[in-house]
Amino acid sequence: MRAILFEEVGKVRLGDYPEPSVQEPGDAVVRVTTAAICGSDLHVLEGRLPGMRPGSVLGHEYVGEVIATGPDVKKFSPGDRVVGSFPIVCGTCWWCKRGEGTNCDDLRILGYGMFVGDLDGAQAEFVRIPSADHNLHSIDPSLSDEQAIFAGDIMSTGAYIAEKSRIHPGDTVAVIGAGPVGLFATMFALTYQPAAVYVIDLEADRLKIAESLGAIPVDASKTSPTMTLQRATGDRGADVVIECVGFAKTFQTALDTVRAGGTVGVIGVHTDLEMSFPLAEVWRRNVTIVMGGSANVQGMWTKALDSVKKGLIDPTVIISHTMPLEDGVEGYEMFRKHEALKVILKP
Ligand SMILES: [Zn+2]
Ligand SMILES: [Zn+2]
């Protein structure tokens, strides 16, 4: 089969790869009909997350059709149309049974290297999914691939951090980062009837999309987001700040921008091992910090798909490019250069 393969840090290629088959009783094999390139694929590609085996398949956002199942798979059969989750959970540990898949004892990530399960990814014609009953979700026939695909990752991530950040009606919310996750966090934040959602970024194109969703854009290259939120709230600061970038600097901006007694939700993928933390200041100001970790997709995807079906969320607004899988290397290049917001690949 054809697949996008990790070659070495900084390099992907299109190549042939052995077709997957059922290996364990809980496995399903899915024929991928739509895949996507995710911002976190760049963490692997650019070497911030080590452990990707050279020659293995990248990617963890996909929709497809089940073509084979092992004897333990109860919820799915060949022919079913499914979206897959980027975290591969076991479904049976203490955390999974509590509905906290994000803390699964045996959390693996598709196409993400040997430290998280060494599973081949989904930017390919076929993909093997372990514990399929817990890592696939059926798709309502009324939804297109493009409307469903992000339920397995960025859309559920946005829903998850919006919920975890405890937004109340009338709150002023600031979202730091208008990438795909930031835009989904914005879409879901808006469903909580806030007074306003401010979206902070450096790129005009992304801010334009945020504005089209009903948010107030803040161009951080021109104005201080902290000052903007102070001015908007009678010098208090935002009730809730959702950090969707993943740098110590943007986390610090979140701490500076939240009001005393407010909440900072953190969903950006942080790879710095430590930072200097303003402990006394954060304590004095009574700030609640909610760390998202990798999103609890299994806990959120039904809600996310329902939100699409009801018309509350239109996930397709973030798609900037659709191309054949064969052009996937070019897709990665455009994505890396920030020429594309979201690239869809069609095997
Ligand atoms: Zn992802
Ligand atoms: Zn588990």
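User: Before we look at the cysteine spacing, what counts as a donor of a metal ion here?

Analyst: Donors are N, O and S atoms within 2.8 Å of the metal. Keep in mind that this is a predicted model. For the zinc ion (ligand 2), the donor residues follow the pattern C-x2-C-x2-C-x7-C in sequence. They are Cys90, Cys93, Cys96 and Cys104, each through SG, at 2.3 to 2.4 Å.

User: Thanks! Which geometry does the site of the zinc ion (ligand 2) have?

Analyst: Here is the general idea: ideal angles at a metal are 109.5 degrees for four tetrahedral donors. In this model the four donor atoms of the zinc ion (ligand 2) make angles of 104 to 117°, and the site is tetrahedral.

User: Is Cys90 buried or exposed? And what about Cys96, buried or exposed?

Analyst: Anything under 20% relative accessible area counts as buried. Cys90 has 17%, so it is buried, and Cys96, with 15%, is buried as well.

User: Let's move to the other zinc. Which protein donors does the zinc ion (ligand 1) have?

Analyst: Cys38 (SG), His60 (NE2) and Asp153 (OD) serve as its protein donors, 1.9 to 2.2 Å from the ion. Along the chain their spacing is C-x21-H-x92-D. Cys38 sits in the loop between strand S3 (28–37) and helix H1 (39–45), and His60 in the loop between H1 and S4, so the pair ties together parts that are 22 residues apart in sequence. Both Cys38 and His60 are buried. A word of care on reading such a site: water is not among the atoms, so sites may look incomplete.

User: Now helices, please. How do I read the packing of H5 and H6?

Analyst: Two packed helices are described by the angle between their axes and the distance between the axes. For H5 and H6 the angle is about 50° and the axes are 7 Å apart. These two helices are therefore oblique to each other, and H5 passes H6 in a right-handed crossing. On the H5 side the meeting residues include Ile154, Gly158 and Ala162, and on the H6 side they include Pro180, Phe184 and Phe188.

User: How many residues of helix H5 are buried?

Analyst: Nine of the eleven residues of H5 (residues 154–164) are buried, so this helix is largely enclosed by the rest of the structure. Met155, Thr157 and Tyr160 are among the buried ones. Their cover includes strand S4 (61–69), helix H6 (180–189), strand S14 (258–266) and helix H11 (297–309).

User: And how do H6 and H7 lie relative to each other?

Analyst: The axes of H6 and helix H7 (residues 204–213) come within 10 Å and cross at roughly 15°. H6 and H7 are therefore roughly parallel to each other. Pro180, Leu183, Thr186 and Met187 of H6 make the contact with Arg206, Ile209, Ala210 and Leu213 of H7. The crossing of H6 and H7 is right-handed.

User: At what angle do H8 and H9 cross?

Analyst: Roughly 20°, with the axes of H8 (residues 225–232) and H9 (residues 248–257) coming within 9 Å. H8 and H9 are therefore roughly parallel to each other, and their crossing is right-handed. Pro225, Thr226 and Leu229 in H8 meet Thr253, Asp256 and Thr257 in H9. Among the buried residues of H9 are Phe251, Ala254 and Leu255. The partners of the buried H9 residues include H8, strand S10 (172–176) and helix H10 (279–284).

User: How should I read a positive phi?

Analyst: Most residues other than glycine have a negative phi. Gln193 has a positive one, near 55°. This residue lies in the loop between H6 and strand S11 (196–201) and, at a relative accessible area of 56%, is exposed. His338 also has a positive phi, of about 65°, and is found in the loop between helix H12 (328–336) and strand S17 (343–346). With 43% relative accessibility, His338 counts as partly exposed. Arg166, which follows H5, has a positive phi near 55°.

User: One last residue: which residues is Val32 in contact with, leaving aside its neighbours within four places in sequence?

Analyst: Its contacts include Tyr62, Val63, Ala124, Phe126 and Pro347. Val32 belongs to strand S3 and is buried, with a relative accessible area of 3%. Val32 and Lys346 are 314 residues apart in sequence, yet their C-alpha atoms are 8.2 Å apart in space.

How values were computed:
Residues numbered from 1 in each chain as written. Chains lettered and ligands numbered in written order. Predicted model: local features only at pLDDT ≥ 70, side-chain atom pairs only at ≥ 80, totals over all residues. Heavy atoms only, no water. Donors = N, O, S within 2.8 Å, 3.2 Å for Na, K, Ca; no water. Tetrahedral: all angles 85-135°; square planar, octahedral: opposite > 155°, others 65-115°. Buried < 20%, exposed > 50% of the residue type's maximum accessible area, 1.4 Å probe, protein only. Axes fitted to C-alpha atoms, helices over the stretch in contact; angles between N-to-C directions. Helix = DSSP H or I, 4+ residues; strand = E, 2+ residues; numbered from the N terminus. Parallel < 35°, antiparallel > 145°, perpendicular 65-115°, else oblique. Left-handed = near helix turned anticlockwise from the far one by under 90°. Contact = heavy atoms within 4.5 Å.
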